[in-house]
Amino acid sequence: MIETDSAPVRVAFCTTELDPGGAERALVQLVTRLDRNEWSPVVIALGPETPLVAELLKKGIPVHCLGARGPRSVRVLFPLIGILREFRPTILQTWMFHANILGRIAGVVARVPLIFSGIRVAEHSANWHVRMERATRGMVSHHVCVSQAVADFAIQHHRLQAANVSVLPNGVDWERYALAEPASLSQFGIPEGARTILGVGRLHPQKGWRHLLNAVEPLLKDDPVLHVLIIGEGPQRKALEAWVRQHELSRQIHFPGWQADVAGIMRSSDMLVLASEWEGMPNVVLEAMAGGLPIVATDVAGVAELMPDDQHNELIKPNDTLGLRAGIQRVLQDPTAASGKADALQHHAKQHFTWVNTARIWAEIANRQRKP
């Protein structure tokens with residue numbers, strides 16, 4: 001079927017999963033903001049159904065969840081091919097590593113005219129990911145990277161042609177975070193009036209949680225009203241909780257798991273700390289910027305691109321526990337200066353990073369690739 005100029009273009013978005021993580025939420029935000037007069041999207045998740053599915057369905061976007069778990073995900077290749085053959089999209093946009101690889105194969109077999117690959121992170125830990133991306137790059141029409149730093153990484157390590165790579169930055173729902181009602185942190189065991197260091201993200205070594213804990217240990221022992229709140233779930237949770245018990249800091253370090261009201265929690269915290277060893281473009285930094293929260297962050301891929309030039313020199317080198325501690329101390333010791341910088345970041349986020357802008361950029365990339 002050849003689509004006419006007046007018909008919305010069929011686009012299949014294929015993601016590894018729809019868990020409520022940063023990359024997954026970014027996909028939902030992008031898809032739901034596409035102009036439906038121009039684009040007709042469907043979302044395919046290799047993994048099982050999750051609460052994010054309801055957000056897509058509420059916007060009238062069809063969703064297929066294939067139920068893959070772990071290494072057996074390769075079994076979903078055949079139903080994925082079947083969905084693509086039935087839907088007959090003009091564009092297949094894959095999202096995250098496993099969807100990139102299986103989506104490329106399925107797209108070629110189903111004869112999808114254009115296959116876009118979404119590269120979300122500068123992957124430093126799994127060399128086999130890089131090798132697989134490199135081996136299948138010939139199946140891809142165009143590569144869409146979340147930041148210029150990720151694009152530079154992919155060009156070098158995936159051996160891509162620069163002309164075949166575009167940058168699609170994340171956005172943020174600015175009003176949601178800027179206007180959020182502050183949440184009571186007492187529900188997590190943090191007393192009223194206590195100062196709170198916030199961390200948000202998957203409990204995985206990539207996020208540098210051990211660096212954060214090592215950085216705050218002496219600060220917590222010197223200041224009994226200082227607390228650390230770590231929001232998220234993941235494979236490292238038991239090990240992190242064991243570390244906290246071993247260092248007798250259970251009263252001041254809290255692991256409440258995933259929380260729906262991150263915006264309200266940010267409004268009640270004193271700073272966000274991102275201690276990641278690598279990233280792509282961390283949504284949580286954008287969210288903290290929109291919420292007006294002081295930020296201490298490592299200089300990983302995408303972070304500097306979010307901030308004005310005059311705040312780049314305050315970023316911390318990855319794996320630098322002492323530097324991370326010094327950054328936290330600066331905020332604690334001079335909250336007025338930290339608040340002023342946070343106000344500037346809030347304005348910067350409103351001016352430059354919206355999901356509407358992200359959807360516009362994606363549409364521009366797609367239309368360029370559709371031209372003969």
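Buried means under 20% relative accessible area, exposed over 50%, and partly exposed in between, with a 1.4 Å probe and protein chains only. The model is predicted: local features need pLDDT of at least 70, side-chain atom pairs count only at pLDDT 80 or more, and totals for chains, interfaces and linings use all residues. Residues are numbered from 1 along each chain as its sequence is written, and side-chain values use heavy atoms, with hydrogens and water left out.

**Exercise 1. Serine 117**

Determine whether serine 117 is buried or exposed, and identify the side chain with which its own side chain makes a polar contact.

Solution. Step 1: serine 117 belongs to strand β5 (residues 114-119); helices (H or I, at least four residues) and strands (E, at least two) are DSSP runs numbered from the N terminus. Step 2: its relative accessibility is 0%, so serine 117 counts as buried. Step 3: a polar contact is a pair of N or O atoms within 3.5 Å; within protein, one must be able to donate a hydrogen and the other to accept it, and residues adjacent in sequence count only if both atoms are side-chain atoms. The partner is the side chain of asparagine 100, at 3.5 Å. Step 4: contact means heavy atoms within 4.5 Å. Not counting residues up to four places away in sequence, serine 117 touches residues including Gln93, Arg104, Glu133 and His142.

**Exercise 2. Glutamine 93 and tryptophan 362**

State which polar contact joins the side chains of glutamine 93 and tryptophan 362, and describe the setting of glutamine 93.

Solution. Step 1: glutamine 93 is placed in strand β4 (residues 91-95). Step 2: with 0% relative accessibility, glutamine 93 counts as buried. Step 3: the polar contact between the two side chains spans 2.9 Å. Step 4: beyond four places in sequence, the residues that glutamine 93 touches include Phe13, Cys14, Phe116, Ser117 and Trp362.

**Exercise 3. Aromatic pairs**

Classify the ring pair of phenylalanine 13 and tryptophan 362, and locate both residues.

Solution. Step 1: rings of Phe, Tyr and Trp (its six-membered ring) pair if their centres lie within 6.5 Å; planes under 30 degrees apart count as stacked, over 60 as edge-to-face and the rest as tilted. Four aromatic pairs are present in the structure. Step 2: the two ring centres are 5.4 Å apart and the planes stand at 45 degrees, so the pair of phenylalanine 13 and tryptophan 362 is tilted. Step 3: phenylalanine 13 lies in strand β1 (residues 9-15) and tryptophan 362 in helix α15 (residues 355-370), so the pair ties together parts 349 residues apart in sequence. Step 4: phenylalanine 13 and tryptophan 362 are both buried. Step 5: ring pairs join Phe13, Trp39, Phe116 and Trp362 in a cluster.

**Exercise 4. Cysteines**

Establish how many disulfides the structure has, and examine cysteine 14 and cysteine 145.

Solution. Step 1: a disulfide is a pair of cysteine sulfur atoms within 2.5 Å; the count is zero disulfides. Step 2: for cysteine 14, which is in no disulfide, the nearest cysteine sulfur is that of cysteine 65, 11 Å away. Step 3: the sulfur of cysteine 145 has its closest cysteine sulfur in cysteine 14, at 17 Å, which is too far for a bond. Step 4: cysteine 14 has a relative accessible area of 1% and is therefore buried; cysteine 145, with a relative accessible area of 1%, is buried.
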